[in-house]
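Let us take a walk through a protein together, one piece at a time. Keep the picture open beside you as you read.

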Amino acid sequence: MVKKIHNPVKIDYVNCLVEDCLQQIKGADSMTTSAQPHEFLSCWVIEIKNKALVQKFVRFAKENIPSNELDGLQNVKKIKVENGALKFIPCSTDTIQTKEKLQELIAEHTKADANDYLLLDQLALIPKTSPPTKEIALEWGKSYWPLTWRGNPNDQVLNDMEYDMVKINKYLKEISELSATCKNTVPSVTIFSNSRQNKLYVAYDERDTTGNPLDHSVMCGIKQVAENLPKDGYLCLDYEVFTTHEPCAMCCMALVHSRISRLFYIQDVKHTGSLKSNYHMHGIKSLNSKYHVFQYVGDKYHAAAVEQSAFV
Ligand SMILES: [Zn+2]
């Protein structure tokens, strides 16, 4: 992946580690390192007989076919040679549904006739998702259609993010200290921060005082944001969340719905945590929103101990 501007902080792209202390936690969608693709695009294949027309066909596909297939076809080499024949993928059957329509467009834009090319009856199956590694890209290329390896897309994601380490360290330190002196049964502390609007809320687990089983620190934080919301809109848009313990499924889901941008946490909760330990709920394709998650893995900040089966 080409990084146009290098992020000024230290990023270990192989281990997804920022400044040696923030470990990226991937969402459920990015967990697949499967060696087999699960979804495919069916694509038309043209055998170009008149090799003088190759460039014309490439230009035709580029200029006349809507480029709404970038996800599926961006890594596909458009042309391959098979048994001496030149085979070309113009688009998928999602974009142009019928053979007749494609032939009509080809005739109109390339002036090629039946002697110049053959639109094959057999479609090519192209993996819809990018291969996770270079080795798998080569394998898929052999099994389906040649692919270009453009690097791991997650490198770009990590590079494009902003890391205000002064702020991140400040809030991690704060929740860590508050958690250490907290007397609640579940000593979790959560900060909701919106730098753009200069808003900051600190929330504790309120179950001991309210008796409400839903008053986890994340839920109490969302409630505070909601109470101070000036107008309608997505609740926590542009908010970053700093929390001591890996939140439970209810809290992770509430954070998806409230549209936070990023969450930082310190300690795993093995049995009920739903970011790294289970479910990876911050990145599930079928949900309406996602957020980025980092776990603090340095040795400066800690969270008070909790039962590994407690719902935080
Ligand atoms: Zn919770």
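Helices here are DSSP runs of H or I with at least four residues, and they are numbered from the N terminus. With that in hand, we can place our starting residue: Ile168 lies in helix 6. Please keep in mind that what you see is a predicted model.

How buried or exposed is Ile168? Residues under 20% relative accessible area count as buried, and Ile168 has a relative accessible area of 2%, so it is buried. Who are its partners? Leaving aside the neighbours within four places in sequence, Ile168 is in contact with Leu22, Tyr163, Phe242 and Phe264. For a sense of scale, pick out Arg59 as well: Ile168 and Arg59 are 109 residues apart in sequence, and their C-alpha atoms are 48 Å apart in space.

Now step back to the whole of helix 6, which runs over residues 165-181. This helix has 17 residues and reaches 24 Å from its first C-alpha to its last, close to the 24 Å expected at 1.5 Å a residue. Ile168 has company in being buried: Met165, Lys167, Asn169, Tyr171, Leu172, Ile175, Ser176 and Ser179 of helix 6 are buried too. What covers these buried residues? The cover includes six strands that you can find one by one: strand 3 (22-25), strand 10 (189-194), strand 11 (199-204), strand 12 (240-245), strand 13 (262-267) and strand 14 (292-296).

One residue of helix 6 leads us on to the beginning of the chain. Met165 is among the residues touched by Val9, as are Val18, Glu19 and Tyr163, when residues up to four places away in sequence are not counted. Val9 sits in the segment before strand 1, and its relative accessibility is 14%, so Val9 counts as buried. Compare the path along the chain with the path through space: Val9 and Glu19 are 10 residues apart along the chain, while 6.4 Å separates their C-alpha atoms.

A little further along comes Cys16, in the loop between strand 1 (11-12) and strand 2 (17-18). Its phi is near 55 degrees, a positive value in a residue other than glycine. Cys16 has a relative accessible area of 8%, so this residue is buried. Another residue invites a similar look. His280 is not a glycine, yet it has a positive phi of about 50 degrees. You will find His280 in the loop between strand 13 and strand 14, and at 16% relative accessibility it counts as buried.

Next, let us look at how helices meet. Two packed helices are described by the angle between their axes and the distance between the axes. Take helix 1 (residues 54-64) and helix 3 (residues 99-110): they pack at an angle of about 110 degrees, and their axes are 10 Å apart. That angle makes helix 1 roughly perpendicular to helix 3. Helix 1 passes helix 3 in a right-handed crossing. Which residues do the meeting? From helix 1 come Lys56, Phe57, Phe60 and Asn64, and from helix 3 come Leu102, Leu105, Ile106, His109 and Thr110. Sorted by class, this contact has 5 nonpolar, 3 polar and 1 charged residues.

Asn64 deserves a second glance. This residue of helix 1 has 26% relative accessibility, so Asn64 counts as partly exposed. Asn64 and Asp208 lie 144 residues apart in sequence, with their C-alpha atoms 64 Å apart in space.

Our last stop is another helix pair. Helix 8 (residues 217-227) and helix 9 (residues 249-257) pack with their axes 9 Å apart, at an angle of about 30 degrees. Angles under 35 degrees count as roughly parallel, so helix 8 and helix 9 are roughly parallel to each other. Helix 8 passes helix 9 in a left-handed crossing. On the helix 8 side, the contact is made by Val218, Met219 and Ile222, and on the helix 9 side by Met250, Cys251, Ala254 and Leu255. What classes do these residues fall into? The contact of helix 8 with helix 9 has 7 nonpolar residues, no polar ones and no charged ones.

Notes: Residues are numbered from 1 along each chain as its sequence is written. This is a predicted model: local features need pLDDT of at least 70, side-chain atom pairs count only at pLDDT 80 or more; totals for chains, interfaces and linings use all residues. Side-chain values use heavy atoms; hydrogens and water are left out. Axes are lines fitted to C-alpha atoms, for helices over the stretch in contact, and angles run from 0 to 180 degrees between N-to-C directions. Helices (H or I, at least four residues) and strands (E, at least two) are DSSP runs, numbered from the N terminus. Angles under 35 degrees count as roughly parallel, over 145 as roughly antiparallel, 65 to 115 as roughly perpendicular and the rest as oblique. A crossing is left-handed if the near helix is turned anticlockwise from the far one by less than a right angle, and right-handed if clockwise. Contact means heavy atoms within 4.5 Å. Ala, Val, Leu, Ile, Met, Phe, Trp, Tyr, Cys and Pro count as nonpolar, Asp, Glu, Lys and Arg as charged, and the others, Gly among them, as polar. The expected span of a helix is 1.5 Å times one less than its number of residues. Buried means under 20% relative accessible area, exposed over 50%, partly exposed in between (1.4 Å probe, protein chains only).
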